[in-house]
Amino acid sequence: MKAIITLVALCGFARGAVGQQTGAVSTTRSPHGRLSQPCAACHAPEGWVPARISAAFDHAKTGFTLVGAHAQASCRGCHASLDFKGVASDCISCHRDVHSGELGRDCGRCHTMRSFLDRAAMTRAHQETRFPLTGSHRALDCEQCHVPAPQGRLAFVNRPSECVDCHRTDYAGTRNPDHQAGGLSTNCTQCHGTSAWPRARFSHAGTAFPLTGAHRAVACAQCHGDGVYSGKSELCLSCHQFAYDGTTDPPHQAAGFPTTCASCHTTVAWTGAKFDHAGTAFPLTGAHVPLRCNQCHADGVYVGKNPSCVSCHQAAYDAATDPNHRLSAFPTTCTDCHATTSWSGARYTAHDAAYFPIYSGAHRGRWSSCSTCHTVSGNYAQFTCLTCHGQQETNGHHSEVSGYSYNSQACYSCHPQGRKD
């Protein structure tokens, strides 16, 4: 009963009753000013406080619709005096401006009623500036980049947009590589992305030494351990002097090899070098191609090496018995008979024109070695036809030949070209 009397009394206050006495009920001025709403719109008989806005009271008709976080706020959160008339509806009237007054009063550009710190909304607004947020920047609090001024407000207008303006401490403190000592550019985006500060990648493609092969996986300090970045020598020897000096097969330094490493080596692998012999006085062909350097240059001579075959094959010349090169005074110009593909299977093709056709005509393929015809070792002026041409058969072919004689010299005198006629 008491609650009902009180409710009735206060409803009277809402009509402006001031200092009147009606029976046992006394009245006092309403704390809501001239609010012309029935008390039941916000208050209930079960409990006068806390008041709750009911469906009977439409806040949208005031010109300020309650949505998002505003719908959960208490009346005193916005109407501290509970005087509802003449309350300003702009955000600044309730929310302190921390932006130094630089961004105007349109809070809706960055904030929403769902959350005053709506990160998605603030990020979208930032995309319209000269520094769109990407990567890790999207998750930062405003204060991390817009440091409060002495008066406690954040600065947004004319903020520096270069990476080093925020990351100068990182630039100065980095040691691998040492950015400051090495004179590296303060344009951080040349190496770093916005997703993660570590795992930087510097594009060497725009330098005098583009990285290829094994160089792509090398840490900066392996080439720039001396602290030199700008103006670093791009010559191979500036990093590989120790490899040049220590190589023994072949010994680069002793042999006077050029220090232009790229002449033989590639950047894919230091080993497996290929020296282009084509530009020398002895281009490699045949069986010479797969040989190791020291098989021909065991004497350590590379520059001015004798290109004649016998300089490497003297032992083979001396040991040959069929035919015996030394006794027969064969020339040491091995290429007269031998090819570089195989040492065996020599062909003395000059034999056809100078002596007797054995690589052409009727005798082609009828012999297997020099000793087939030249039975006296070391004396190639001596030869025999009788090994292949039996007497009975030969006599039968010459029954009507006057002066016929069965001997090799007679055969050659009549058949110098090995033909029957």
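Which residue forms a salt bridge with aspartate 318? That partner is arginine 326, and the closest N and O atoms of the two sit 2.5 Å apart. Keep in mind for every view below that this is a predicted model.

**View 1. Aspartate 318 and arginine 326 paired up in a salt bridge.** Here's the pair from the opening question, with 2.5 Å between the closest N and O atoms. Aspartate 318 is partly exposed, at a relative accessible area of 33%. The structure holds five salt bridges, and two others get their own views next.

**View 2. A salt bridge between arginine 292 and aspartate 249.** Zoom in on the two side chains and you'll find N and O at 2.2 Å. Arginine 292 comes from the loop between α8 and α9 (293-296), while aspartate 249 belongs to the loop between α7 and α8, so this salt bridge ties together parts that are 43 residues apart in sequence. How do the two ends fare for accessibility? Arginine 292 counts as exposed at 52% relative accessibility, whereas aspartate 249 is partly exposed at 28%.

**View 3. Arginine 175 meeting aspartate 178.** This one is a salt bridge too, with an N to O distance of 3.9 Å between the side chains. Arginine 175 has 56% relative accessibility, and since exposed means over 50%, arginine 175 falls in that class. Aspartate 178, with a relative accessible area of 22%, is partly exposed.

**View 4. Helix α7 and its buried face.** Helix α7 spans residues 237-246, and its buried residues are Leu237, Ala243 and Tyr244. Looking down the helix axis, these buried residues fall within an arc of 115°, so they line one face of α7. Flip to the other side of α7 and you get Phe242 and Gly246, both exposed. Part of what covers the buried residues of α7 is α8 (252-255).

**View 5. Tyrosine 244 and the largest nonpolar core.** Two of the buried residues from the previous view turn up again here: Leu237 and Tyr244 belong to the largest nonpolar core, along with Ala255, Phe257 and Tyr302. That makes five residues in all. What does tyrosine 244 touch, leaving aside neighbours within four places in sequence? Its contacts include the core members Leu237 and Phe257. The rest of the list is His252, Gln253, Gly256, Pro258 and Thr259.

**View 6. Histidine 265 in the loop between α8 and α9.** Is histidine 265 buried or exposed? Histidine 265 counts as buried, at 17% relative accessibility. A polar atom of the histidine 265 side chain lies 2.8 Å from the backbone oxygen of tryptophan 270. Not counting residues up to four places away in sequence, histidine 265 touches His252, Trp270 and Ala273. His252 is also in contact with tyrosine 244, which links this close-up to the previous one.

**View 7. Histidine 338 in the loop between α10 (310-319) and α11 (350-354).** Histidine 338 is buried, with a relative accessible area of 17%. Its side chain reaches the backbone oxygen of tryptophan 343 at 2.8 Å. With residues up to four places away in sequence set aside, histidine 338 touches His325, Trp343 and Ala346.

Technical notes:
Residues are numbered from 1 along each chain as its sequence is written. This is a predicted model: local features need pLDDT of at least 70, side-chain atom pairs count only at pLDDT 80 or more; totals for chains, interfaces and linings use all residues. Side-chain values use heavy atoms; hydrogens and water are left out. Buried means under 20% relative accessible area, exposed over 50%, partly exposed in between (1.4 Å probe, protein chains only). Helices (H or I, at least four residues) and strands (E, at least two) are DSSP runs, numbered from the N terminus. The arc is that of the directions from the helix axis to the C-beta atoms. Contact means heavy atoms within 4.5 Å. A salt bridge is a side-chain nitrogen of Lys or Arg within 4 Å of a carboxyl oxygen of Asp or Glu. A nonpolar core is a set of buried Ala, Val, Leu, Ile, Met, Phe, Trp, Tyr and Cys residues joined through side-chain atoms within 4.5 Å. A polar contact is a pair of N or O atoms within 3.5 Å; within protein, one must be able to donate a hydrogen and the other to accept it, and residues adjacent in sequence count only if both atoms are side-chain atoms.
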